[in-house]
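Hi everyone, thanks for making room for me today. I'd like to walk you through one protein model, and I'll try to keep it relaxed. Have a look at the screen.

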Amino acid sequence: MLKVKRRQMSEAGDPAFVDRTLGHFRRFHGAATESLSDDELRFRIRHGIERGRGHGLTWESSLTVFVAHMIELCPAFDEHPAAARVLADASIPPDERVEALLAHLSELEWEEAARMCDPVAYWARARAEEADGGGGQG
């Protein structure tokens with residue numbers, strides 16, 4: 001019997017969580033995901049989970065919302081100074097920071113965050129980094 005340690009599952013992205021998230025995105029974010037193959041969407045979800053965990057996120061719900069922002073808005077939305085400030089705010093529990101973004105960012109800041117990068121170039125670079133063994137954090 002194959003035993004997978006929790007740390008290994010965390011590093012690889014829990015396949016069941018990735019599959020649940022894929023189903024959620026197909027159902028509720030169809031316009032943003034309809035042109036993506038399941039393989040590509042799984043890659044983006046795994047990459048987003050890894051990126052979200054880099055901000056201390058652990059709950060499936062907070063990671064799913066974080067990845068949704070990456071897919072719907074911009075894969076580098078978290079690099080916007082206002083978003084980065086909230087995601088690093090030690091006075092907010094890590095898994096509550098994604099919700100705090102909604103309260104702390106203005107409409108203008110969300111618009112700026114949406115323009116933080118060229119999504120096509122971002123995902124191509126992330127794929128290339130994964131292929132090179134770089135881990136895939138864009």
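I'll start with the overall picture, then go to a pair of helices, one threonine and two cysteines.

First, please keep in mind that what you see is a predicted model. So what is it built from? The protein has nine helices and zero strands. If you read along the sequence, the pattern is just α-α-α-α-α-α-α-α-α, which is easy to remember.

How much of the protein is buried? Of its 138 residues, 38% count as buried. The accessible surface comes to about 7900 Å², and 54% of that belongs to carbon and sulfur atoms. Now think about who touches whom. Take the contacts with a separation of 6 or more: 58% of them come from residues 24 or more positions apart.

Okay, on to the helix pair. Find helix α4, residues 38-53, and helix α9, residues 119-131. Their axes are 11 Å apart, and the two pack at an angle of about 85°. That makes α4 roughly perpendicular to α9. Which residues meet there? From α4 we have Asp39, Glu40, Phe43, Arg44, Arg46, His47 and Arg51, and from α9 we have Tyr122, Trp123, Ala126, Arg127 and Glu130. Sorted by class, this contact of α4 with α9 has seven charged residues, four nonpolar and one polar.

Next, a single residue. Thr64 is found in helix α5, which covers residues 60-72. Is Thr64 buried or exposed? Its relative accessibility is 14%, so Thr64 counts as buried. Leaving out residues up to four places away in sequence, Thr64 touches Phe17, Thr21, His24 and Phe25.

Last stop, the cysteines. A quick reminder: a disulfide is a covalent bond between the sulfur atoms of two cysteines. How many disulfides are counted here? The count comes to zero. Let's see why, using Cys74. The closest cysteine sulfur to that of Cys74 is in Cys117, and the distance is 3.3 Å, so they are too far apart for a bond. The cut-off here is within 2.5 Å. Turn it around and look from Cys117: the nearest cysteine sulfur is that of Cys74, 3.3 Å away, and Cys117 is in no disulfide. As for its surroundings, Cys74 is buried, with a relative accessible area of 0%.

That's my tour. Thanks for listening, and I'm happy to go back to any part of it.

Conventions
Residues numbered from 1 in each chain as written. Predicted model: local features only at pLDDT ≥ 70, side-chain atom pairs only at ≥ 80, totals over all residues. Heavy atoms only, no water. Buried < 20%, exposed > 50% of the residue type's maximum accessible area, 1.4 Å probe, protein only. Axes fitted to C-alpha atoms, helices over the stretch in contact; angles between N-to-C directions. Helix = DSSP H or I, 4+ residues; strand = E, 2+ residues; numbered from the N terminus. Parallel < 35°, antiparallel > 145°, perpendicular 65-115°, else oblique. Contact = heavy atoms within 4.5 Å. Nonpolar A, V, L, I, M, F, W, Y, C, P; charged D, E, K, R; others polar. Areas by Shrake-Rupley, 256 points an atom, 1.4 Å probe, with all protein chains shown as cover.
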